[in-house]
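Colleague: Please take a close look at one part of this predicted model, the second largest pocket, and the helices associated with it. Which residues line the second largest pocket, and of what class are they?

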Amino acid sequence: MADFTVYGEAISRALGYPEKSFVELFKATTEQKAIETIENHPLVRAIEIIMNNQNHYEKTVLKFFEEIRNAAAENSLNPNQSFFPSTANRVRGAIERISSYLRKLGYEIEISQYTRMDGVHPRNRFVIYIDKIVDESISPISTESAETA
């Protein structure tokens, strides 16, 4: 994308537009697309539903997968889209693809293998940790979450 931005800016200047006008327009367009993606992504909405009224979430990936499928079914979200994980094994990849959007919404997500022998989770299973970022500068982007706040 860096090459695209450089070439776009060069063409913009050659056409007589002011300096950095292409870069600013491209940045605004990219941010708008990110907001639209966040608002329309069923996995993001399912996570918002699960995280409603809690600041920390910690469960095995299998339990998380079951919960997001249930949240999708109960809230008329479409879990059959290609970017919604179809199995628990695909959760990590789906989360990694939307992690920057989740960060904009104020969520920090980590998936790691549980190695303790304390009985909290089965040993050697993958566990997902979701924390709400407590930062006053982060505001809700999703229109539905803003309406319920």
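Modeller: By class, six nonpolar, two polar and two charged residues make up the lining of the second largest pocket. The nonpolar members are Val 61, Leu 62, Ala 88, Val 91, Ile 111 and Phe 126; Thr 60 and Asn 89 are the polar ones, and Arg 92 and Arg 125 the charged ones. The volume of this pocket is about 240 Å³. Two helices, α4 (61-74) and α5 (91-105), each contribute at least two residues to the lining.

Both of these helices also pack against α3. Helix α3, residues 42-50, meets α5 at an angle of about 60 degrees, and their axes lie 10 Å apart; the two helices are therefore oblique to each other. Their crossing is right-handed. On the α3 side the contact involves Leu 43, Val 44, Ile 47 and Glu 48, and on the α5 side Ala 94, Ile 95, Ile 98, Leu 102 and Leu 105. Eight of these contact residues are nonpolar, none is polar and one is charged.

With α4, the axis of α3 crosses at roughly 100 degrees, the axes coming within 9 Å, so α3 is roughly perpendicular to α4. Here Leu 43, Ala 46, Ile 47, Ile 49 and Ile 50 of α3 meet Phe 64, Glu 67, Ile 68 and Ala 71 of α4. The residues of this contact likewise comprise eight nonpolar, no polar and one charged. Leu 43 and Ile 47 of α3 thus take part in the contact with α5 and in that with α4.

Terms used:
Residues numbered from 1 in each chain as written. Predicted model: local features only at pLDDT ≥ 70, side-chain atom pairs only at ≥ 80, totals over all residues. Heavy atoms only, no water. 1 Å grid on protein atoms, 1.4 Å probe; cavity = no way out; pocket = protein on both sides within 12 Å on 5 of 7 lines; lining within 4 Å. Points joined across faces, edges and corners; volume = space filled by probe spheres on them. Helix = DSSP H or I, 4+ residues; strand = E, 2+ residues; numbered from the N terminus. Axes fitted to C-alpha atoms, helices over the stretch in contact; angles between N-to-C directions. Parallel < 35°, antiparallel > 145°, perpendicular 65-115°, else oblique. Left-handed = near helix turned anticlockwise from the far one by under 90°. Contact = heavy atoms within 4.5 Å.
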